[in-house]
Amino acid sequence: MIEIKELCTKLGEFRLDDINVAIDKNEFFVLMGPTGAGKTVLLEAITGLIPVQKGCIYVGGKNVTTLSPEKRGVGIVYQDYSLFPHMTVRENITFGLRYNKIKKETAKERLNRLVKNLSLENLLNRLPTNLSGGENQRVSLARALMIEPLVLLLDEPLSALDPRFREEIREDLKKLHKDSDTTFLMVTHDFAEAISLADRVAVMNEGRIEQTGTTEEIFRKPCSTFVADFVGMKNLFAVHFSGTEARINGLEIDIGYTPPQRCSYIAIRPEDIVLSVKKLDSSMRNSFCGVIKALIDRGLYYEVWMEAANTVFKATITKRSLFELSLREGMNIFFSFKATAVHIF
């Protein structure tokens, strides 16, 4: 449905370099990356708001690279809603019809369906200033979908909402996507949103796409140190491989197979590490004794930093488990993990 080939563009001092992405019809595709990675610049290049210096953009098999924004079959929703403050909800939703002529009966049916699906029945005559953030975002979604774009771009549509509204709009997005043939491309920083909504994910960094894949592939099998760090693999080490072992500062970590020669790093998610005050009798191939260096309160859980052979490992643990194990800084602790928990690249 949307294909980007070797796209390059420049905005001020920032560049997008050699972007290649193919997104299927009706796919929910999520673009992630740190602030300044180029996610919004890419969306605005797709819409035609930023000129392309090199490469091509195809929507529905049609080259739209040089077309004006209204002729691309693309809608966009921003995090700040961008509604017309002097227009009612109804007028905002139907605004795009003046540039996309459709039959009155079709427009009426589409408006009624969107209003019902987004629970806007009682808000049609109100102005945006009299709506909550969640209501404004629903209106923005309805306006974008009213013209039935081939592609809907969503630029962090949930980031400005409080947690309750964020969950509601997330469910609305699921329903809207399921009930339409539109391809959704959403930018977000939120891992929960990506896991909940995405069919596939791409991670951007400094104007380039680092990795594309399913959420499982991105979160469990990162292809670079940047992606591993970005998705929270806090145990990231440069190692030397010998047979089926990864060696670091005298520690021998069993990975269960002989890796390709090009590999030189391992990564372990902190939630895959099991803590115990005594050595466990288990099938986990890797078990070490270390000293607790720090206990960091992360709100819903604690992060435990342990040092073994001058190497710091990080594990996560619930508050209840922390108190049950009576963990404290300076005490010895055993930490274990499966060979399958070790990702190499």
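Here are a few points on one helix pair and two buried residues of this structure.

1. Please keep in mind that this is a predicted model, in which local features need pLDDT of at least 70, side-chain atom pairs count only at pLDDT 80 or more, and totals for chains, interfaces and linings use all residues. Residues are numbered from 1 along each chain as its sequence is written, and side-chain values use heavy atoms, leaving out hydrogens and water.

2. Start with helix α3 (residues 104-117) and helix α4 (residues 133-146), whose axes come within 10 Å and cross at roughly 150°. Axes here are lines fitted to C-alpha atoms over the stretch in contact, with angles from 0 to 180 degrees between N-to-C directions. Helices are DSSP runs (H or I, at least four residues), and strands are runs of E of at least two. The two helices are therefore roughly antiparallel (over 145 degrees).

3. On the α3 side, the contact (heavy atoms within 4.5 Å) is made by Ala107, Arg110, Leu111 and Leu114, and on the α4 side by Ala142, Leu145 and Met146.

4. Helix α4 also holds Gln137. This residue is buried (under 20% relative accessible area), at 0%. Its side chain reaches the backbone oxygen of Tyr78 at 3.4 Å. Beyond neighbours within four places in sequence, Gln137 touches residues including Val77, Tyr81, Pro157 and Ile169.

5. Next, look at Phe345, in the segment after β21 (342-344). Phe345 is buried, with a relative accessible area of 11%. Leaving aside neighbours within four places in sequence, its contacts include Pro222, Leu236, Cys263 and Tyr265. Phe345 and Leu83 are 46 Å apart, C-alpha to C-alpha, and 262 residues apart in sequence.

Definitions and conventions
Angles under 35 degrees count as roughly parallel, over 145 as roughly antiparallel, 65 to 115 as roughly perpendicular and the rest as oblique. Buried means under 20% relative accessible area, exposed over 50%, partly exposed in between (1.4 Å probe, protein chains only). A polar contact is a pair of N or O atoms within 3.5 Å; within protein, one must be able to donate a hydrogen and the other to accept it, and residues adjacent in sequence count only if both atoms are side-chain atoms.
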